[in-house]
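User: I'm new to this one and would like a close look at a single part. Could you pick one helix and walk me through it, from its end to its sides to its neighbour?

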Amino acid sequence: MSVVNRSADIRDGIKDAAPVLMAVAPFSAVFGAVAIEQGLSFHEMLLACLTIYAVASQYVMVELLGQNVPAWSVVLSVFAINFRHVLYSAAIGRSMARFSGPQRAAAFFLLVDPQYAASEARAARSGLRPAYYFAYAACVYVTWIATASLGGLFGSLIENVERYGVDFILPIYFTGLVVGFHKRPSFLPVLGISAGVSLAAYFTLGTPWHITLGGLAGLLVAAVLARPEGGGMPKGEKLSA
């Protein structure tokens, strides 16, 4: 890969990450403040951000720790929420032909929701390369750590973030990225079944199981619809001699 192409990928990664940083910053700052309020030390909060690096899971972890629930329940809840990252890894791994083994390992650790959506979109447009992926990931990861630290140090100054609607920025951004895949085959059935199962699970089993079950349902539907009729090869493909 030429230096020019690598530089262009880095620029594109930073440019594509910029909009999501406006949502990541308040989420992260509030987490830092809440974690300290719930009894974590600054270093414990920072370690959670550095190693877990998953917004929803970290919020659930802090909330459950504040309620003095058993450790196994905390671990199980975090696993249930983070299971979607396993699905993300399986999906985006098909586009990582240019990644080495260590690069893949690092990429999967950094694979949060917006990273997955942006990487899928990039792979569909021009192919996914390490320079783009890690430029995007570095922007989000560094912002997450830095603003969580600020929230932990100055959390008492943050009041009623929801009043400004910043808690909706990240979901809206991610929804926009998902809608961008509407031209892909079976988009509507996969989206519809996944959303339906997720809602049903939410109102019956409750959070966080609706995330895992909705994702698994979408994955199952996509696998069934992608399978060639009769169990053979996809239409138009032939075996090479």
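Analyst: Right after helix H2 comes Tyr-53, and its phi is positive, near 50°. This is a predicted model, by the way. H2 itself covers residues 42–51, and within that stretch Met-45, Ala-48 and Cys-49 are buried. Those three sit on the same side of H2, because they cover an arc of only 95° around the axis. There's a simple rule behind that sort of pattern: an α-helix has 3.6 residues a turn, so residues three or four places apart point the same way. Turn to the other side of H2 and you'll find His-43 and Leu-47, which are exposed.

Now for the neighbour. H2 meets helix H7, residues 130–154, with the two axes coming within 10 Å and crossing at roughly 160°. Angles over 145 degrees count as roughly antiparallel, and H2 and H7 are therefore roughly antiparallel to each other. The crossing of H2 past H7 is right-handed. On the H2 side, the contact is made by Phe-42, Met-45, Leu-46, Cys-49 and Leu-50. H7 brings Tyr-141, Trp-144, Ile-145, Ala-148, Ser-149, Gly-152 and Leu-153. Sorted by class, that contact has 10 nonpolar residues, two polar ones and no charged ones. Two names turn up twice here: Met-45 and Cys-49 are buried, and both belong to the contact with H7.

Stepping back, the protein has 10 helices and zero strands. Of its 241 residues, 39% are buried.

How values were computed: Residues are numbered from 1 along each chain as its sequence is written. This is a predicted model: local features need pLDDT of at least 70, side-chain atom pairs count only at pLDDT 80 or more; totals for chains, interfaces and linings use all residues. Side-chain values use heavy atoms; hydrogens and water are left out. Buried means under 20% relative accessible area, exposed over 50%, partly exposed in between (1.4 Å probe, protein chains only). Helices (H or I, at least four residues) and strands (E, at least two) are DSSP runs, numbered from the N terminus. The arc is that of the directions from the helix axis to the C-beta atoms. Axes are lines fitted to C-alpha atoms, for helices over the stretch in contact, and angles run from 0 to 180 degrees between N-to-C directions. Angles under 35 degrees count as roughly parallel, over 145 as roughly antiparallel, 65 to 115 as roughly perpendicular and the rest as oblique. A crossing is left-handed if the near helix is turned anticlockwise from the far one by less than a right angle, and right-handed if clockwise. Contact means heavy atoms within 4.5 Å. Ala, Val, Leu, Ile, Met, Phe, Trp, Tyr, Cys and Pro count as nonpolar, Asp, Glu, Lys and Arg as charged, and the others, Gly among them, as polar.
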